[in-house]
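Here is a short briefing on a predicted model. Read it with the sequence and the coordinates open.

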Amino acid sequence: MKYILVTGGVISGIGKGIIASSVGTILKSCGLHVTAIKIDPYINIDAGTFSPYEHVVPHITDAIQDWVMKQAKISVDDDGVEPQVCVIELGGTVGDIESMPFIEAFRQFQFKVKRENFCNIHVSLIPQPNTTGEHKTKPTQNSVRELRGLGLSPDLIMCRCSAALDASVKEKISMFCHVEPTQVICVQDVSSVYKVPLLLEAQGVVDYLCQRLNLPVEMRARKMLTKWKEMADRSDRLLEQVSIALVGKYTKLSDSYTSVIKALEHSALAINHKLEVKYIDSADLESTTLQDEPVKYHEAWQKLCSSHGVLVPGGFGVRGTEGKIMAISWARKQNKPFLDANSTEFNPETEHPVVIDMPEHNPGQMGGTMRLGKRRTIFKSSSSVLRKLYGDVEYVEERHRHRFEVNPELKHHFERKGLQFVGQDIEGERMEIIELKDHCYFVGVQYHPEFTSRPIKPSPPYFGLLLAAAGKLQSYLAKGCRLSPR
């Protein structure tokens, strides 16, 4: 196993994730099996539901190393082959107190796996103040010095900058950071993040990693990278636009929905459309807002109605409050007995619990109680739109992260009104996919399809939404789920 550790300095949000995924992309284009790990530097069992009582203190560095080696061997490809390369993104900034145990763990790790199997890519900022217009290397020098002081020496220094670096700047970084000029890689701002892998490839990153890690790669034209270049070039030439209203709780911070936005981008790019996302706070659509702030209410509804499609992260009453309200609201509109329909999260005593705690979930105990990871969903209908979008398969495997579900006892009530449960879990107990009959595209899923979306292979549920929003879904389905060559 070959390990590539990506660290960052100077500031957070420098682009470690994009660098890590770009390195993985160009190595994968060489025919290598590549996996990736993202580490958030919290010493915690379940960082997703953080609790100060759950810190892992004894032998933390050994635990980190063992966990990395275990995760690196898990196949992420359809063929089930064990990965040859693991790209590890260490979150945070070198010097942060949270990341110290992880830096120390990887200092030890480089000797455990041997030098020929481990290399470090350090991502750093090269600012260019407007006052002088000169690229400043001091922050990078300090960051590398601190990293070296902690026992890690970067093999490649990825310099984030607004414009391309002159050779003299690279030489200066080389001299004071103890690397060759060829090991200083310029990652300037580009029109699309999809151009970053091409930027790294052009500067010899693959050649260096192959030599440094002795990777079994044939130096030949790579089909995947050719397709990637075509996609990146196409992203600059999009003329038609499609707008999607994203209705959620956390719309004031767009980073909250990064995975969702990327999945939408992948799908929009696949149909040659430029994506416009309209963020709408779900609370602004409520009748209480009409009474308190009518201007905000009408602006929110105008945004919603002028969009080509609507997306509610969390799907049909399964993960976030947005989805639960969608399920509850739909139920309340059907007939009188469901006027007080609710979620047991909001009202444990409700007479009509549309959304309930999963049986294995322990109410009141948040940490480690979610239904997490890849699960299989079986299609129960051959006419399902999502089934066709997935390639007319019998089942799909997607990633889950939730602790509530639609009450299976009410399934027949929903289906009588045209809301079809077309996908269920293996046991047939959990409602995984819903579709509204006689609607151009109204679907909801229990899982998170955005987690498996890729630039060249967009997520089918999101792809269907963008096709429907652009008025192309029916023609796509009629052609046997094929896009036209143009």
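Thr35 has Cys86 of E3 as its bridge partner. E3 belongs to an open sheet of six strands, ordered E2-E3-E1-E4-E5-E6 and paired in parallel. The points below start from that strand and move outward.

**Strand E3 and its partners**
- Six bridges link E2 and E3, in the parallel sense.
- Ile39 is matched with Leu90 of E3 across a bridge.
- E1 also runs parallel to E3, and five bridges join the two.
- There, Lys2 has Val85 of E3 as its bridge partner.
- Six of the six residues of E3 are buried, so the strand is largely enclosed by the rest of the structure.
- Both faces of E3 are covered. Val85, Val87 and Glu89 are buried on one side, and Cys86, Ile88 and Leu90 on the other.
- Cys86 has a relative accessible area of 0%.

**The sheet as a whole**
- Which strands stand at the edges of the six-stranded sheet? They are E2 and E6 (184-188), each with a single partner strand, so one side of each has no neighbour in the sheet.
- Neighbouring strands are turned by 20° against each other on average, direction ignored.
- Helix H4 packs on the sheet and touches E1, E4 and E5 (156-161). The direction of H4 makes about 150° with that of E4.
- Helix H7 lies across E1, E4, E5 and E6. H7 runs at about 145° to E4.

**Nonpolar cores**
- The largest nonpolar core has 39 residues. Ile4, Val23, Leu27, Met158, Leu200, Leu209 and Leu215 touch the most other members.
- H7 (residues 205-213) gives the most to this core, with six residues.
- Which residues does Val23 touch, not counting those up to four places away in sequence? They are Ile4, Val87, Ile121, Met158, Leu200 and Leu209.
- A second core is separate from this one and has 31 residues. Its members include Tyr441, Leu466, Leu473 and Tyr476.

**Helix H3**
- H3 (residues 100-112) has 13 residues. From first C-alpha to last, H3 reaches 19 Å, close to the 18 Å expected at 1.5 Å a residue.
- Its buried residues are Pro101, Phe102, Ile103, Ala105, Phe106, Phe109 and Gln110.
- Those buried residues pack against four strands and two helices: E1 (2-8), E2 (34-39), E3 (85-90) and E4 (118-125), with H2 (60-72) and H4 (138-149).
- Just after H3, Lys114 takes a positive phi of about 80°.

**Helix H15**
- Nine of the 10 residues of H15 (residues 460-469) are buried, so the helix is largely enclosed by the rest of the structure.
- The buried residues are Pro460, Pro461, Tyr462, Phe463, Gly464, Leu465, Leu466, Leu467 and Ala469.
- What do the buried residues of H15 pack against? Their partners are strands E7 (241-248), E8 (274-281) and E9 (309-311), and helices H9 (258-270), H13 (385-389) and H16 (473-478).
- Gly471, just after H15, takes a positive phi of about 75°.

**Two single residues**
- Asp77 sits in the loop between H2 and E3. Is Asp77 buried or exposed? Asp77 counts as buried because its relative accessibility is 19%, and buried means under 20%.
- Leaving aside neighbours within four places in sequence, Asp77 is in contact with Lys28, His33 and Val34.
- Leu304 lies in helix H11 (residues 294-305). Leu304 is buried, with a relative accessible area of 13%.
- Leu304 contacts Ala245, Val247, Ile280, Leu285 and Val310, leaving aside neighbours within four places in sequence.
- Leu304 and Tyr279 are 25 residues apart in sequence. In space they are 9.1 Å apart, C-alpha to C-alpha.

**Cysteines**
- How many disulfides does the structure hold? The count is zero.
- For Cys159, the closest cysteine sulfur is in Cys161, at 6.6 Å. That is too far for a bond, because a disulfide needs the sulfur atoms within 2.5 Å.
- Cys159 is buried, with a relative accessible area of 0%.

Conventions: Residues are numbered from 1 along each chain as its sequence is written. This is a predicted model: local features need pLDDT of at least 70, side-chain atom pairs count only at pLDDT 80 or more; totals for chains, interfaces and linings use all residues. Side-chain values use heavy atoms; hydrogens and water are left out. A nonpolar core is a set of buried Ala, Val, Leu, Ile, Met, Phe, Trp, Tyr and Cys residues joined through side-chain atoms within 4.5 Å. Buried means under 20% relative accessible area, exposed over 50%, partly exposed in between (1.4 Å probe, protein chains only). Contact means heavy atoms within 4.5 Å. The expected span of a helix is 1.5 Å times one less than its number of residues. Two strands pair if DSSP finds at least two bridges between them. Axes are lines fitted to C-alpha atoms, for helices over the stretch in contact, and angles run from 0 to 180 degrees between N-to-C directions.
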